[in-house]
Amino acid sequence: MGQTSEEDPMQTEPINGNGTVNGGGKCLSSFVDDGSVESHRYYLSRRTLLEMLRDRGYDISDSDIDITLRQFRDLHGHDVDVDRLRISAAHVADPDNKVLAVFCGPGIVKVNVIRWITTQIMNKENLSRLIIVVQNHITSQAMKAVELFPFKVEIFQITDLLVNITKHVLKPKHRVITDAEKEKLLQKFNLDEKQLPRMSQKDAIAQYYGLEKGQVIEVTYNGEITGLHVTYRCIW
C-alpha cells in the first residue's frame, strides 16, 4: 500500500525562542513558573489580604489587587523584602478607622520582632487595627508583647491567605449586617441574640471579616436542590 498524507499524531511542532510553537500556540513549558516559591507565596497572600481589607470596607484600589505575578516580581524581585509588603488603609465609611498590615519573615516570631513592628508604627493613637502575617509560630513572650498594643491585633498564618476562602465555589455568600439590621431582624422574629444560630469567632469566615462577638452575618445558600435559602449566624 502507498503512504498516506496524514501527519503522525504524536509529532510535535518545533518551538521557537519565545516559548511558542511555530504554529502560534504556547508550549507547555511556557506555563511553568520558573520564579521563586517564596515570591509566589507572598504574591498570593498579599492579594488575599488586600481583598479581605476591601471586603471589610477599607479603601483598597482595584489596581493594587489586580497586579499580576510578573508585575509583583518586577516590583519586589524573587527575594522579597517583607518590609515593603506592608499595607496601610483607612475605612471608606469611617476614615478614622485605620488599619496596618505587616508581614514577618520565615523565622520564629520572637519578642524582638514585635518590638521592631512597634517601632514602625508612627502614630499608634491613630491606628485602630494591626494585622500581622506570620510564617512560623509565635513565642509566648512575643504574644505577651502583642497583648500590650492599645489597638486590635489579628494574626494570620501566611498559608491561610494563599487562597481566598470566600471565593470558593462551594462556599455560600456571606454579608456582615449592620447593628440596625440586626435589631430589625431580632424584632421581626421576636428573638433574643442568644437564640440565633452561632458561628465561632475562630471560624475562618469570621476571621476573614474580622468579626467581633455579637456581630451577625447573613449567609445565603443557592443550591440546585435547596434553592435560595438565607440564614443568620451570631458570632460568639
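The dialogue below asks how some labels for this predicted model are earned.

Reader: What makes up the secondary structure of the protein?

Author: The count comes to 7 helices and 8 strands. The protein has 236 residues, and 36% of them count as buried.

Reader: Let me start with one residue. Why is Ser 45 called buried?

Author: Its relative accessible area is 0%. Buried means under 20%. The value falls under the cut-off, so Ser 45 is buried.

Reader: Where does Ser 45 lie, and what is it in contact with?

Author: Ser 45 lies in helix H1, residues 37-55. Leave aside its neighbours within four places in sequence. Ser 45 is then in contact with Phe 103, Ile 158, Leu 161 and Leu 162.

Reader: What makes the link between Ser 45 and Tyr 42 a polar contact?

Author: The side chain of Ser 45 reaches the backbone oxygen of Tyr 42 at 3.2 Å. The limit for such a pair is 3.5 Å. The distance is within the limit, so the pair passes on distance.

Reader: How do you know that His 91 is buried?

Author: Its relative accessibility is 17%. The cut-off is under 20%. So His 91 counts as buried.

Reader: Where is His 91 found, and what does its side chain reach?

Author: His 91 is found in the loop between strand S1 (87-90) and strand S2 (98-103). Its side chain reaches the backbone oxygen of Arg 56 at 3.0 Å. His 91 also touches Gly 57, Tyr 58 and Asn 97, among residues outside its own stretch of up to four places in sequence.

Reader: Now the rings. How many aromatic pairs are there?

Author: The count comes to 4 aromatic pairs.

Reader: Why is the pair of Tyr 42 and Phe 103 called edge-to-face?

Author: Two values decide. The ring centres are 6.2 Å apart, and the planes stand at 75°. Centres must lie within 6.5 Å, and planes over 60 degrees apart count as edge-to-face. Both tests are met, so the label holds.

Reader: What does this pair tie together?

Author: Tyr 42 lies in helix H1 and Phe 103 in strand S2, so the pair ties together parts that are 61 residues apart in sequence. Both Tyr 42 and Phe 103 are buried.

Reader: What makes Tyr 208 and Tyr 209 an edge-to-face pair?

Author: Their centres are 5.0 Å apart, with 80° between the planes. The limits are within 6.5 Å and over 60 degrees. So this pair passes as edge-to-face. Tyr 208 counts as buried at 4% relative accessibility, and Tyr 209 counts as buried at 14%.

Reader: How do you know that Arg 198 lies over the face of Trp 236?

Author: Arg 198 is at 5.2 Å from the ring centre. The distance limit is within 6 Å. So the distance test is met.

Reader: Which residue is the bridge partner of Arg 198 in S8?

Author: Cys 234 is that partner. S6 and strand S8 (residues 227-235) pair in the parallel sense over 2 bridges. Pairing needs at least two bridges. So S6 and S8 count as paired.

Reader: What is the order of strands in the open sheet, and why are S5 and S6 at the edges?

Author: The order is S5-S7-S8-S6, with mixed pairing. Strand S5 (173-176) and strand S6 (198-199) each have a single partner strand, so one side of each is left without a neighbour in the sheet.

Reader: Why do the buried residues of helix H3 line one face?

Author: The buried residues of H3 (residues 69-76) are Leu 69, Phe 72, Arg 73 and His 76. Seen down the axis, they fall within an arc of 95°, so they line one face of the helix. On the other side, Arg 70 and Asp 74 are exposed. H1 is included in what covers the buried residues of H3.

Reader: What puts the buried residues of helix H6 on the same side?

Author: In H6 (residues 179-188), Lys 182, Leu 185 and Leu 186 are buried. They cover an arc of only 95° around the axis, which puts them on the same side of H6. Ala 180, Lys 184, Gln 187 and Lys 188 are exposed on the other side. The buried residues pack against strand S7 (216-223) and S8.

How values were computed
Residues are numbered from 1 along each chain as its sequence is written. This is a predicted model: local features need pLDDT of at least 70, side-chain atom pairs count only at pLDDT 80 or more; totals for chains, interfaces and linings use all residues. Side-chain values use heavy atoms; hydrogens and water are left out. Helices (H or I, at least four residues) and strands (E, at least two) are DSSP runs, numbered from the N terminus. Buried means under 20% relative accessible area, exposed over 50%, partly exposed in between (1.4 Å probe, protein chains only). A polar contact is a pair of N or O atoms within 3.5 Å; within protein, one must be able to donate a hydrogen and the other to accept it, and residues adjacent in sequence count only if both atoms are side-chain atoms. Contact means heavy atoms within 4.5 Å. Rings of Phe, Tyr and Trp (its six-membered ring) pair if their centres lie within 6.5 Å; planes under 30 degrees apart count as stacked, over 60 as edge-to-face and the rest as tilted. A charge sits over a ring if NZ of Lys or CZ of Arg is within 6 Å of the ring centre and within 35 degrees of the ring normal. The arc is that of the directions from the helix axis to the C-beta atoms.
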